[in-house]
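Good morning, and thank you for the time on the agenda. I should like to take you through one structure, from its overall form to a few selected sites.

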Amino acid sequence: MIEVKNLSKYYGDFKAVDKLNFRIGEGEIVGFLGPNGAGKSTTMNMLTGYLAASEGQILIDNKDIMEDAKTARKAIGYLPEIPPLYPDMTVMEYLSFIYELKGAKQPRKEHLQEICKLAGIEEVRGRLIGNLSKGYRQRVGIAYALVGDPPILILDEPTAGLDPKQIAEIRELVVHLGKKHTVMLSTHILSEVQAVCRHIIVISAGKIAADGNPDTTAAQLCKERGVLVRIEGPRGEVVTALRNLSGAGKVKCRQTEERNVYEYTVLQEGDQDMSRSIFALCASHSWPLLACRSAEGTLEEMFIRLTDTDRGV
Ligand code: ADP
Ligand code: MG
């Protein structure tokens, strides 16, 4: 249904999106996940034809959107990061205006009524958009995307800035929309997509970091296997000694709240578990080994690690 091939976007010399490849099947609810600045909005703007790609191809139902932008746009309902709402219009005036703008063909009254019901905004139909709460405004944004009944919905951070109750409500709405539509939603919060999506695409610094179901995604993000240890001792000497252990790869070091105690991640290069040799090393130097566990973790941990890397921590 959606196929992206070698998609890239440059802003001047800066490559914001770097050779993305992915597929989204019909009827899927896909979570597009990545830290702030990863390139989610840029990608979504290209998928919806709002931004021209620098390189690559986007196929919607096997049609290249660069060759047939109009048809592709009709197939997609898009909620941009900042929804194009007009505060001086009532909800109904606004949706009628969008109906005209999109050239929708459905019987107007019934169609807009159905959308209001679906988006849960029936009770605010006559109110000015400028007077609505953020949660309701976001629902009006989703209603905007639904005008014309496009088979694909692309929602850019639909829960950004909402409180936990509103987030839960939007999540429920997305699940409901997913029964009739193919949905792609972006977020920088992992738990949000874990609850809703069976397909997750993770991007980091413009590149795909993982693509699959939540379980395989964890495995992909977690290519680095290793051991997490807490050792009391001289940092420089400990790092050198850990690096020199047979089977050890990169060693990362973090400060802790305790003096002279550091946390190290020792990545392993082979299959051999490092914990025994680390224990022996610490014993031989009389460095107290305060903790030792496998660095393989949950998807949550992996995602935090990815996010940290992006911020250059
Ligand atoms: P996300 O939606 O994942 O937070 P964006 O797609 O908005 O990320 O941005 C990706 C990167 O591109 C960021 O580093 C951002 O600063 C940069 N960027 C986005 N829009 C522009 C633009 N119009 N001009 C220059 N750089 C941009
Ligand atoms: Mg964004």
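I shall begin with the chain as a whole, then turn to the strands, the metal site and one further residue.

Please keep in mind throughout that this is a predicted model. The protein chain holds eleven helices and 14 strands. Its C-alpha trace spans about 80 × 40 × 35 Å along the principal axes. Of the 313 residues in the chain, 47% are buried. Among contacts with a separation of 6 or more, 67% are between residues 24 or more positions apart.

As to the surface, the accessible area of the protein chain comes to about 15,600 Å². Carbon and sulfur atoms account for 50% of that area. The chain carries 39 positive and 41 negative charges, and the mean positions of the two sets are 2 Å apart.

Let me now turn to the strands, starting with β3, residues 29-33. Is this strand enclosed or open to the outside? Five of its five residues are buried, so β3 is largely enclosed by the rest of the structure. The side chains divide between two directions: Ile-29, Gly-31 and Leu-33 point one way, while Val-30 and Phe-32 point the other way. The residues on both sides are buried.

Which strands pair with β3? One is β8, residues 182-187, which runs parallel to β3 and is joined to it by five bridges. Within that pairing, Ile-29 has Val-183 as its bridge partner. Another is β9, residues 199-204, again in the parallel sense, over four bridges. Here Val-30 is partnered by His-199.

A second set of pairings involves β4, residues 55-60. Strand β1, residues 2-11, pairs with β4 in the antiparallel sense over five bridges. In this pairing Val-4 stands opposite Ile-58. Strand β4 also pairs with β5, residues 63-64, in the antiparallel sense over two bridges. Leu-59 has Asp-64 in β5 as its bridge partner. Together β4 and β5 form a hairpin with two residues between them. In the turn, Asp-61 has a positive phi of about 50 degrees.

I come next to the magnesium ion, ligand 2. Which protein atoms serve as its donors? They are OG of Ser-41 and OE of Glu-81, lying 2.1 to 2.5 Å from the ion. Ser-41 lies in helix α1, residues 40-47, and Glu-81 in the loop between β6 and α3, so the pair ties together parts that are 40 residues apart in sequence. The surroundings of each donor can also be stated. Ser-41 is buried, with a relative accessible area of 17%, under the 20% cut-off. Glu-81, at 47% relative accessibility, counts as partly exposed.

The last site is Ser-294, in strand β14, residues 289-294. Is Ser-294 buried or partly exposed? With a relative accessible area of 38%, Ser-294 is partly exposed. Leaving aside neighbours within four places in sequence, Ser-294 is in contact with Gly-226 and Leu-228. As for Ile-200, it is 94 residues from Ser-294 in sequence, and the two are 25 Å apart in space, C-alpha to C-alpha.

To close, I would return to two points. Strand β3 is largely enclosed, and the magnesium ion has Ser-41 and Glu-81 as its protein donors. Thank you for your attention.

Note on methods:
Residues numbered from 1 in each chain as written. Chains lettered and ligands numbered in written order. Predicted model: local features only at pLDDT ≥ 70, side-chain atom pairs only at ≥ 80, totals over all residues. Heavy atoms only, no water. Buried < 20%, exposed > 50% of the residue type's maximum accessible area, 1.4 Å probe, protein only. Contact = heavy atoms within 4.5 Å. Areas by Shrake-Rupley, 256 points an atom, 1.4 Å probe, with all protein chains shown as cover. Lys, Arg positive; Asp, Glu negative; His and termini not counted. Charge placed at Lys NZ, Arg CZ, Asp CG, Glu CD. Donors = N, O, S within 2.8 Å, 3.2 Å for Na, K, Ca; no water. Pairing = 2+ DSSP bridges.
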